[in-house]
Amino acid sequence: MSARTLAAAVAVLAAGCASEPPAVIPGGGPLCASGTYWTRGDHGDNFMHPGRACIECHTERRRGPVFSVAGTIFNARHEENDCFGNAGDPVSGQKTWVEVVDQTNQPFVIEPNASGNFYTTHTFRYPLRRVRIISPSGHFAQMDNPPSGDCNGCHTREGAEGAPGRVIAPNQGR
Ligand code: HEC
Ligand code: HEC
């Protein structure tokens with residue numbers, strides 16, 4: 001399934017349980033497939049600001065945990081900030097995992113929470129070698145040599161520094 005077909009399928013699923021169908025960017029998929037938003041501003045929380053650059057803000061403010069890797073898994077490429085992302089397979093409840101491999105070659109796995117946010121304070125040996133987003137079905141998407149662990153810094157709605165938009169859950173293909 002292409003990312004666009006997946007986005008359409010997710011939009012249909014979301015429309016089935018949300019009160020209003022999600023707004024759509026022409027050709028860009030849903031703005032917020034989950035229909036759920038973070039509304040508590042900068043209140044420190046596991047679910048805070050899905051889609052925004054976690055490490056950049058925590059560093060600038062000198063507040064919040066000092067994460068080595070943090071970001072958000074979304075349902076579609078161009079969802080907006082503060083939209084709750086991918087909470088796992090809607091049927092089995094199984095999560096999509098983030099696997100980080102550093103210079104030790106030991107895969108380190110992070111489980112995202114119900115907002116799609118994932119984060120860790122684990123000490124990695126830099127530079128990171130690769131990161132994979134692994135769906136319950138075993139499908140994965142991979143990035144080699146991520147230059148920073150602040151995933152949402154590049155994986156913005158539009159995509160910064162050449163990134164294709166959001167980090168998304170690959171085909172969950174049940
Ligand atoms: C615009 C700034 C900003 C952004 C963006 C941000 N945070 Fe925070 N975060 C904060 C601040 C400020 C605190 C500390 C709040 C406090 O001490 O009361 C905090 C605290 C936290 C905490 C600690 C909560 C607790 O129980 O003490 C977690 C977990 C957290 N952030 C996760 C994240 C994640 C994950 C992201 C990215 C998806 C993120 N934050 C993005 C400002 C931000
Ligand atoms: C400096 C910007 C930057 C940062 C930071 C970054 N990425 Fe990327 N990412 C990119 C670019 C550019 C691409 C497309 C080219 C490529 O694959 O290298 C990409 C591609 C990807 C892909 C494959 C495309 C897809 O979704 O099918 C995944 C998965 C991914 N990144 C995940 C992550 C994760 C997780 C992090 C945080 C650990 C991260 N990225 C940090 C820029 C970035």
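These are my notebook entries on a predicted model of one chain and the two ligands I looked up in it.

**Entry 1: the chain.** I began with the overall layout. I found three helices and eight strands in the chain. Read from the N terminus, their order is α-β-β-α-β-β-β-β-β-β-α. The chain has 174 residues, and buried residues make up 36% of them. I then turned to contacts between residues at least 6 apart in sequence: 63% of these join residues at least 24 apart.

**Entry 2: the core.** I looked up the largest nonpolar core and noted 24 residues in it. The residues with the most contacts inside this core are A70, I73, V98, V167 and I168. Two or more core residues come from each of α2, β3, β4, β6 and β7. Of these elements, β4 gives the largest share, three residues.

**Entry 3: I73.** I picked I73 from that list of core residues with the most contacts. I73 sits in the loop between β3 and β4, where β4 spans 97-101. Is I73 buried or exposed? I73 has 27 C-beta neighbours inside 10 Å, so I wrote it down as buried; the cut-off for buried is 20 or more.

Next I listed what I73 touches, leaving out residues up to four places away in sequence. The list holds G85, N86, T96, P112, G116, F118, I133, V167, I168 and A169. Two of these, V167 and I168, are also among the core residues with the most contacts. I also checked I73 against R166, which is 93 residues away along the chain; their C-alpha atoms are separated by 7.4 Å.

**Entry 4: ligand 1.** I counted 20 residues around ligand 1, the closest being G44, C54, C57, R63 and G64. Which element gives the most to this shell? It is α2, with four residues. The elements that each supply at least two residues are α2 (54-61), β3 (69-72) and β6 (117-120). Sorted by class, the shell has eight nonpolar, seven polar and five charged residues.

**Entry 5: ligand 2.** Around ligand 2 I counted 23 residues. A141, M143, C151, C154 and G162 are the closest. At least two shell residues come from each of β3, β7 (130-134), β8 (140-144) and α3 (151-154). The classes here are 14 nonpolar, seven polar and two charged.

**Entry 6: cross-check.** I compared the element lists for the two shells. β3 supplies at least two residues to the shell around ligand 1, and β3 also supplies at least two to the shell around ligand 2. β3 is listed for the largest nonpolar core as well, with two or more residues.

Note on methods. Residues numbered from 1 in each chain as written. Chains lettered and ligands numbered in written order. Predicted model: local features only at pLDDT ≥ 70, side-chain atom pairs only at ≥ 80, totals over all residues. Near = placed C-beta within 6 Å. Nonpolar A, V, L, I, M, F, W, Y, C, P; charged D, E, K, R; others polar. Buried ≥ 20, exposed ≤ 12 C-beta atoms within 10 Å, placed from the backbone. Contact = placed C-beta atoms within 7 Å. Core = buried A, V, L, I, M, F, W, Y, C linked by C-beta atoms within 7 Å.
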